[in-house]
Amino acid sequence: MLPAALPSNLELQALSVLWERGPSTVATVLDALPDGKERAYTTVLTVMQNLERKRLVLRHRAGRAHVYRPAQPQQDIVGNATRDFLTNAFGGRIGNAVLAILSAGDLTPEEKTNIERELKRHKAMAAKKATKKAPAKKAAKKAPAKKAAKKPAKKAAKKVAKSAKKAAKKAPAKKTVKKAAKKAAKKAPAKKAAKKAPAKKKAAKKPAKKAAKKAAKNAKKG
């Protein structure tokens, strides 16, 4: 199914009557066109037939009259036309477009209420978007804290590495101490032997003295 074609300016006026008043005849549309210009009945009939051909209105018979009703919601049709108008006339600047529209005529109390309600709705939506973005900003601020936590860990790792290097340097000193201890252990038996040597000399001197004394006694007797 092909999409509906966009309506012309006069066709939009005719549709605005149907959206405002509901199903209407050609005569009703002719009398209620917003611009108030005088037009022939056949002109408006042609407009309604074009809208039917574009599948923007539906037609049914009510007795001898033909009644037309919109085939699509106003928001769907007007949305595209509004975006085109906003882009072409105001360069996409909504604020300027709103001010221009407000200065074009007077608002009824009901219209003012509707506009205020719509502005409040937009304000609430903007506040919700702001609150959704806030946690992301907090998370971004906390990220540096994680990096800061990594720095002490790096410092501790460096200290451990330095202490390990120092321990490795001291290790050879311990080996030399062990070697010295071994040498001392080897020398210890030699000292003991040296200590025992005088004892042998003394033991050897005692029998010699006894023999001299006996010889002296024997000499006296003889």
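Start by selecting Tyr 41: in this predicted model, Tyr 41 is partly exposed, with a relative accessible area of 44%. You will find this tyrosine in helix α3. Now show what surrounds the residue. Setting aside neighbours within four places in sequence, Tyr 41 is in contact with Val 26, Ala 27 and Leu 30. Pick the last of these and draw a distance: the C-alpha atoms of Tyr 41 and Leu 30 are separated by 6.8 Å, although the two residues are eleven apart along the chain.

**Zoom out for the layout**

Before going further, colour the chain by secondary structure. You should see six helices and two strands. Walking from the N terminus, the order of the elements is α-α-α-β-β-α-α-α. While the whole chain is in view, try colouring by accessibility as well: of the 222 residues, buried ones make up 13%. As for contacts between residues at least 6 apart in sequence, 46% of them join residues at least 24 apart.

**Into the nonpolar core**

Next, select Ala 14, Leu 15, Leu 18, Val 29, Val 44, Met 48 and Leu 51. These are the residues with the most contacts inside the largest nonpolar core, which has 18 residues. Which helices each supply at least two residues of this core? They are α1 (9–21), α2 (26–32) and α3. The largest share comes from α1, with five residues. As background, nonpolar side chains tend to be buried together in soluble globular proteins.

Stay here a moment and centre on Leu 18. What does Leu 18 touch, not counting residues up to four places away in sequence? Light up Ser 24, Val 29, Met 48, Val 57, Tyr 68, Arg 69 and Pro 70, and you have its partners. Two of these, Val 29 and Met 48, are also among the core residues you selected a moment ago.

**A loop with an unusual backbone angle**

Follow α3 towards its C-terminal end and stop at Arg 55. This residue is in the loop between α3 (41–53) and β1 (57–62). Check its backbone: phi is positive, about 60°, although Arg 55 is not a glycine. Is Arg 55 buried, partly exposed or exposed? With 31% relative accessibility, Arg 55 counts as partly exposed.

**The largest pocket**

Now switch on a surface and look for the largest pocket, whose volume is about 1,500 Å³. Rolling a probe the size of a water molecule over the atoms shows where empty space is left. To find the middle of the pocket, select Val 78, Thr 82, Val 98, Ile 101 and Ile 115, the closest to its centre of the 23 lining residues.

Hide the surface and trace where the lining comes from. At least two residues each are supplied by α1, α4 (74–90), α5 (94–103) and α6 (109–221). The helix that gives the most is α4, with eight residues. Colour the lining by residue class and you will count 14 nonpolar, seven polar and two charged residues.

One of the central lining residues deserves its own stop: Val 98, which lies in helix α5. Val 98 has a relative accessible area of 39%, so it is partly exposed. Measure across to Leu 86, twelve residues away along the chain, and the C-alpha atoms come out 9.7 Å apart.

**Two phenylalanines**

Select Phe 85 and Phe 90 together. These residues form an aromatic pair, with 5.6 Å from centre to centre, 75° between the planes and an edge-to-face arrangement. The count for the model is one aromatic pair.

How do the partners compare in accessibility? Phe 85 is partly exposed at 43% relative accessibility, whereas Phe 90 counts as buried at 17%; the cut-off for buried is under 20%.

Keep Phe 90 selected, in helix α4, and show its surroundings. Apart from neighbours within four places in sequence, Phe 90 is in contact with Phe 85, Asn 96, Ala 97 and Ala 100. From Phe 90 to Ala 100, ten residues on in sequence, the C-alpha to C-alpha distance is 9.6 Å.

**Last stop: Leu 107**

Finish at Leu 107, in the loop between α5 and α6. Leu 107 has a relative accessible area of 31%, so this leucine is partly exposed. Beyond its neighbours within four places in sequence, Leu 107 is in contact with Leu 102, Lys 112 and Ile 115. You have met Ile 115 before, as one of the residues closest to the centre of the largest pocket.

Notes:
Residues are numbered from 1 along each chain as its sequence is written. This is a predicted model: local features need pLDDT of at least 70, side-chain atom pairs count only at pLDDT 80 or more; totals for chains, interfaces and linings use all residues. Side-chain values use heavy atoms; hydrogens and water are left out. Helices (H or I, at least four residues) and strands (E, at least two) are DSSP runs, numbered from the N terminus. Buried means under 20% relative accessible area, exposed over 50%, partly exposed in between (1.4 Å probe, protein chains only). A nonpolar core is a set of buried Ala, Val, Leu, Ile, Met, Phe, Trp, Tyr and Cys residues joined through side-chain atoms within 4.5 Å. Contact means heavy atoms within 4.5 Å. On a 1 Å grid over the protein atoms alone, a cavity is a set of points where a 1.4 Å probe fits but cannot get out, and a pocket is an open set with protein on both sides within 12 Å along at least five of seven lines; lining residues have an atom within 4 Å of a point. Grid points are joined across faces, edges and corners, and a volume is the space filled by probe spheres set on the points. Ala, Val, Leu, Ile, Met, Phe, Trp, Tyr, Cys and Pro count as nonpolar, Asp, Glu, Lys and Arg as charged, and the others, Gly among them, as polar. Rings of Phe, Tyr and Trp (its six-membered ring) pair if their centres lie within 6.5 Å; planes under 30 degrees apart count as stacked, over 60 as edge-to-face and the rest as tilted.
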